[in-house]
Structures are given as structure tokens and as C-alpha cells.
Amino acid sequence: MTTLRLRPEDPADEGPVARVLAAAFARPDVATPPEVGLVEELRHSDAWVPELAMVAESGGEVVGYALLTRVRVRSDGGSAPALALGPVAVAPHRQRIGHGTAVVQAALDAATELDERLVVVLGDPAFYRRFGFGRADRMGLTSPWSGLGDPWQALELPPSVSGAGPVPRGEVVFPPPWSKV
């Protein structure tokens, strides 16, 4: 049995990551799923946090991917940093055996180590609930996806130091590459 290795993406992973994304998000109506371009654009933006682009590798092959990038939470009191999770992808031949869960947990653990406090995601509540995500609107967070209800979710990460300030509430502002998805 091959061990699953979880680690931050390195430059040599760009092609394999694009292939995993293309396979996981394949649709008959598009040659290249928009998630492939999203990751490429995020890599070259201020939203990119290299330590939070995680790959799952098995037998030397990239089989999974989870990305956390910078977003801002805007409120009357100003703006605070947060993270957006996505895209998350697993190669079709490796799905439903825990690789997605493992790579997402690795990304969330890395974010916690970096003292991040808030992660938002738009996705399947049944999948993301296992990590502690809940409805973002119930946490006082809005976005262009707020009207979708349950899929618009957020997770408050544990503070690394006692006395850490409150998690921001307000409008989540995504970087420009997200508007193309």
C-alpha cells in the first residue's frame, strides 16, 4: 500500500495540479474547467499564500489538491484578513478513499499554524461539515454567494494564542480571479 504524502505545492507541481483539477472538474461543455485558470491566476496574485496550497501525493503522483487563498472581510470597522478554501480536487481514480479529507485537513492545519482565524468555502455541506464548517450567514458573513444558503460556509479556526481578537464579521471580498468562476 502506498502512503499518502501531504505537503505544500512546489513549482514542479503546477502541471500535475492542473491535470488533477481538469480531471476532477471535467464537463462536456468546456475544454478546460475554469478552476484550472482560477488557480493559475491566484498563483500570480496578492491572494496567494504559498504555504497554503497543499497537494496530496501517492507513489510520486499528485492525486489531490486543496487551496487556501487570501480574502478580506469588510465591515464598518475596516477590513480584516481571512481565507477562502477552493478549489479542492482529487483525481477521479483516487476519489472516495479519504484523499480529499486528508488534503483539506492538511491545509486547515497549516492555516492554523500560520495564526489564521477564519476560512470560508462554497461547497457541499455534507463534506465540509466534518471539518467544522457551518453556514456563513449565521456567523455574520456575506458574499456574492450568500443567497445560496447552506453551501456558503465558514469555519472559525482556533486561536494560537490566548486573548486573540474576535473573528471578523461582514462582507467577504474575493480577489478578482474569483469573478471568473
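The largest pocket has a volume of about 680 Å³, where a pocket is an open set of points on a 1 Å grid over the protein atoms alone, with room for a 1.4 Å probe and with protein on both sides within 12 Å along at least five of seven lines. Grid points are joined across faces, edges and corners, and the volume is the space filled by probe spheres set on them. Rolling a probe the size of a water molecule over the atoms shows where empty space is left. Of the 30 residues that line this pocket, F25, V88, A89, F127 and Y128 are the closest to its centre; a lining residue has an atom within 4 Å of a point. Two or more lining residues each come from α2 (34-43), β4 (78-90), α3, β5 and α4 (125-128), where helices (H or I, at least four residues) and strands (E, at least two) are DSSP runs numbered from the N terminus. Strand β4 gives the largest share of the lining, seven residues. By class, the lining holds 20 nonpolar, six polar and four charged residues (Ala, Val, Leu, Ile, Met, Phe, Trp, Tyr, Cys and Pro count as nonpolar, Asp, Glu, Lys and Arg as charged, and the others, Gly among them, as polar).

Before we walk on, a word on the model: it is a predicted one, in which local features need pLDDT of at least 70 and side-chain atom pairs count only at pLDDT 80 or more, while totals for chains, interfaces and linings use all residues. Residues are numbered from 1 along each chain as its sequence is written, and side-chain values use heavy atoms, with hydrogens and water left out.

Let us stay with β4 for a moment, since A84 is found in this strand. A84 is buried, with a relative accessible area of 1% (buried means under 20%, exposed over 50%, and partly exposed in between, with a 1.4 Å probe and protein chains only). Not counting residues up to four places away in sequence, A84 touches L67, L68, T69, V71, V120, F174 and W178, contact meaning heavy atoms within 4.5 Å. E35 is 49 residues from A84 in sequence, and their C-alpha atoms lie 14 Å apart in space.

Now turn to β2, residues 53-58. Six of its six residues are buried, so this strand is largely enclosed by the rest of the structure. A53, V55 and E57 point one way from β2, while M54, A56 and S58 point the other way. On one hand, β2 runs antiparallel to strand β1 (residues 4-8), with five bridges joining them; two strands pair if DSSP finds at least two bridges between them. Here R7 stands opposite V55. On the other hand, β2 pairs with strand β3 (residues 61-75), again in the antiparallel sense, over six bridges, and E57 faces V62 in that pairing. The link between β2 and β3 is a hairpin with two residues between the strands, and G59 in its turn has a positive phi of about 60°.

Following β3 onward brings us to strand β9 (residues 170-173), which pairs with β3 in the antiparallel sense over three bridges. In this pairing R74 stands opposite E171. Strand β9 also runs parallel to β7, joined by two bridges, and G170 in β9 is the bridge partner of L141.

Which side chain does R70 of β3 meet in a polar contact? A polar contact of 2.6 Å joins the side chains of R70 and E116 (a polar contact is a pair of N or O atoms within 3.5 Å; within protein, one must be able to donate a hydrogen and the other to accept it, and residues adjacent in sequence count only if both atoms are side-chain atoms). A polar atom of the R70 side chain also lies 3.0 Å from the backbone oxygen of A82. Apart from neighbours within four places in sequence, the contacts of R70 include D46, A47, V49, P81 and P175. As for E116, this residue lies in the loop between α3 (99-113) and β5 (118-122). Although it belongs to a loop, E116 is buried, with a relative accessible area of 10%. Leaving aside neighbours within four places in sequence, E116 is in contact with R70, L83, A111 and L157.

We finish at another loop, the one between β7 (141-142) and β8 (152-156), where P151 has its place. At 26% relative accessibility, P151 counts as partly exposed. Setting aside residues up to four places away in sequence, P151 touches V121, L122, G123 and P125. R96 is 55 residues from P151 in sequence and 20 Å from it in space, C-alpha to C-alpha.
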